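Hi,

Here is the structure I promised to pass on. Have a look at it first, and then read my notes underneath.

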Amino acid sequence: MRGVPGPDAFAADSIEIVHLPLWMWQIVVTGAVIVALALLAPRVIRRPTTGSLRWWALGSVVVNAGIAVTGATVRVTSSGLGCSEWPRCTPESFVPVGTEHAALNAAIEFGNRMLTFLVLAVGIIVFLATLRLRPRRRDLLVLATLIPLGVLGQGVVGGITVWSGLHPASVATHFLLSTFVVIGTVAYYVRCREPRGVLRLTVSPPVRRLATALLPVGFALLAAGTVVTGTGPHGGDAEAPRFGLDLVLVTRVHAVLAWLTVLGAVAVAALVRKGAAPRTVRVQAWLLLAALLAQGALGYTQYALGLPEGLVVLHVLGAMVVWIALLRLYFATAERVAPTGVEGERAATAQAAGR
Ligand code: HEM
């Protein structure tokens, strides 16, 4: 048995609200939200427009980034093995009954598993609506297919994470896969607002290159963060394996990458201030800088205070905000415009034919 069970609290059914076990409430609430989504969905699925899809796309960004944050809550509350099996919660049951873990831990892990169904539901609705969008948008359809597949992939990685007893490499992969799904959701959101057409830079080539280079640097920053987590105390369970690295050293590497990203963001903000860049790019550059500075301040604070749980969860939220800001800046440096002339006529004919 792993973890530290609470006294007289070995299963989530020992927490009762109005005579019903907590896990049953979790299922009821998730089911109710999915039914609400299903009631809203026919409108957008029957007559999808890029305008209406944009709101669903925004929802998709929020739920996919949000589940990474709730995942961090599972970790810092040591609830990672609240359900010790996958896809079942215990060898005998799909719901947290007799988990041999504290009731609250089981409820937190089970609640996070329930959230996956919500995230998947949003992905499926966006996919179905995109399938029916006319004229067809192949670019959007590719993204709308990848998003729910990514969420299903997360389910599999989540399972491997549980089976591996919360190995830090698996926990890190689980988080990093979320960042890939978020790329798809942000790209979908941005593309919804643009016509099908040719890509045109909105900034000078050096600024575009800088915004592009910031993506791998930002990703390395996130990956380094997961190594810090895998080395530090918040493994998700008292007995979870650790990387066994020097915590101070890996934190320093992580902080250096953070400073590198800040430098890149400052450079972009300075360059677009001087040059003729659209307002959107300037706004995105400043938003990225603000997100990075707030996140950096939070990082140093949590480190100095010995990693209090609440701040660690906020730091993961900040990480997702920074990642979205990096993506938004990148996408703002180029835009798709409807082709003109012969190309435009060809595109219009293809659109009329529904291709
Ligand atoms: C400014 C941009 C930054 C970003 C985007 C960022 C991102 C991240 C991410 C993604 C994680 C891993 C979360 C997880 O695996 O659940 C993490 C962990 C961590 N970061 Fe940062 N970070 C930044 C700056 C900093 C700075 C400047 C410090 C200061 C030393 C710092 C200290 C930490 C620590 C100590 C952890 C481990 C927390 C834990 O126990 O889980 N971070 N960060």
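Below is what I found, going from the domains to the helix pairs and then to the ligand.

First, a caveat: this is a predicted model, so read everything here with that in mind.

The domain assignment splits the protein chain into domain 1 (1-197) and domain 2 (198-337). Taken over C-alpha atoms, the centres of the two domains are 24 Å apart. Where they touch, 33 residues of domain 1 are in contact with 31 residues of domain 2. On the domain 1 side, the elements that give two or more residues are α2 (50-76) and α5 (168-192). The largest share of that side comes from α5, with 10 residues. If you sort the domain 1 side by class, you get 20 nonpolar, 9 polar and 4 charged residues.

Now the helix pairs. α2 turns up again here, packed with helix α3 (residues 103-132) at an angle of about 160°, their axes 10 Å apart. That angle makes α2 roughly antiparallel to α3. The crossing of α2 past α3 is left-handed. By class, the contact of α2 with α3 has 14 nonpolar residues, 10 polar ones and 1 charged.

The other pair is helix α7 (residues 247-274) with helix α8 (residues 279-304): their axes come within 9 Å and cross at roughly 160°. So α7 is roughly antiparallel to α8. α7 and α8 also make a left-handed crossing. If you want to look at the contact itself, the α7 residues in it include A255, A258, V262 and A265, while α8 brings, among others, W286, L288, L292 and G296. R273 in α7 and R282 in α8 are also part of this contact. Sorted by class, the contact of α7 with α8 has 15 nonpolar, 4 polar and 2 charged residues.

Last, the ligand. Which residues come nearest to it? Of the 27 around the ligand, they are G225, T229, G232, G299 and A319. The elements that give two or more residues to this shell are α6 (205-231), α7, α8 and α9 (309-332). α8 gives the most, with 7 residues. G299 is worth picking out on screen, since that residue is listed both in the contact of α8 with α7 and among those nearest the ligand. As for class, the shell has 15 nonpolar and 12 polar residues, and no charged ones.

Over to you!

Methods: Residues numbered from 1 in each chain as written. Predicted model: local features only at pLDDT ≥ 70, side-chain atom pairs only at ≥ 80, totals over all residues. Domains from an automatic or database assignment. Contact = placed C-beta atoms within 7 Å. Helix = DSSP H or I, 4+ residues; strand = E, 2+ residues; numbered from the N terminus. Nonpolar A, V, L, I, M, F, W, Y, C, P; charged D, E, K, R; others polar. Axes fitted to C-alpha atoms, helices over the stretch in contact; angles between N-to-C directions. Parallel < 35°, antiparallel > 145°, perpendicular 65-115°, else oblique. Left-handed = near helix turned anticlockwise from the far one by under 90°. Near = placed C-beta within 6 Å.
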